[in-house]
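User: I should like to learn how to read helix packing and the surroundings of a ligand. Please guide me through this structure.

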Amino acid sequence: MKLLIINGPNLNLLGKREPEVYGSTTFQDYFEQLQSKFPKVELEYYQSNIEGELIGKIQEVGFSYDGIVLNAAAYTHTSVGIGDAVKAVETPVIEVHISNTHKREDFRHVSYISSGARGVILGFGLQSYDLAIQSFL
Ligand code: DQA
């Protein structure tokens, strides 16, 4: 089972960025916990702040990997291009968010990803990624 976690813009700052919303753990530390928890899963991680790079990565793995766990971050609410990429590939995509975007500003209530995703997990903190991985097992 080969899965890729893709994080979008500003998620490289997890641990430092608005800790009251996103927690104080870095994604690198959390990713290591996930690797230990799911030793049988070939788990990879990719992060970019650039929309086109995120689209490129979805296209690159989207015909060979078993699953993509995607937190497109702010692009969730703006990017037709990432939404189209999710629909274009064969690999199922689970959309995740750390925060409950529906409890936040109105512009965060719209997602261009959800209609192409297999499912959506949000609001469970970093555990949202863990739950998304479990959904593939
Ligand atoms: C986020 C929610 C988005 O609205 C925000 O722009 C992010 C992170 C989350 O994981 O809660 O950067 O995707």
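Analyst: The following turns treat two helix pairs and then the ligand. This is a predicted model, in which local features need pLDDT of at least 70, side-chain atom pairs count only at pLDDT 80 or more, and totals for chains, interfaces and linings use all residues. Residues are numbered from 1 along each chain as its sequence is written, and side-chain values use heavy atoms, with hydrogens and water left out.

User: At what angle do the axes of helix 3 and helix 4 cross?

Analyst: Two packed helices are described by the angle and the distance between their axes. The axes of helix 3 (residues 51–61) and helix 4 (residues 80–88) cross at roughly 0° and come within 9 Å. The two helices are therefore roughly parallel (an angle under 35 degrees). Glu51, Leu54, Ile55 and Ile58 of helix 3 meet Gly81, Ile82, Ala85 and Val86 of helix 4, where contact means heavy atoms within 4.5 Å.

User: How do helix 2 and helix 5 cross?

Analyst: The axes of helix 2 (residues 27–37) and helix 5 (residues 127–135) come within 11 Å, at a crossing angle of roughly 30°. That makes helix 2 roughly parallel to helix 5. On the helix 2 side, the contact includes Phe27 and Tyr30; on the helix 5 side, it includes Tyr129 and Ile133.

User: Which residues surround the ligand?

Analyst: Among them are Arg17, Tyr22, Asn71, His77, Ser99 and Arg108, each with a heavy atom within 4 Å of the ligand. A side-chain N or O atom of Ser99 is 2.6 Å from a ligand oxygen atom. For Asn71, a polar side-chain atom lies 2.8 Å from an oxygen atom of the ligand.

Methods
Axes are lines fitted to C-alpha atoms, for helices over the stretch in contact, and angles run from 0 to 180 degrees between N-to-C directions. Helices (H or I, at least four residues) and strands (E, at least two) are DSSP runs, numbered from the N terminus. Angles under 35 degrees count as roughly parallel, over 145 as roughly antiparallel, 65 to 115 as roughly perpendicular and the rest as oblique. A polar contact is a pair of N or O atoms within 3.5 Å; within protein, one must be able to donate a hydrogen and the other to accept it, and residues adjacent in sequence count only if both atoms are side-chain atoms.
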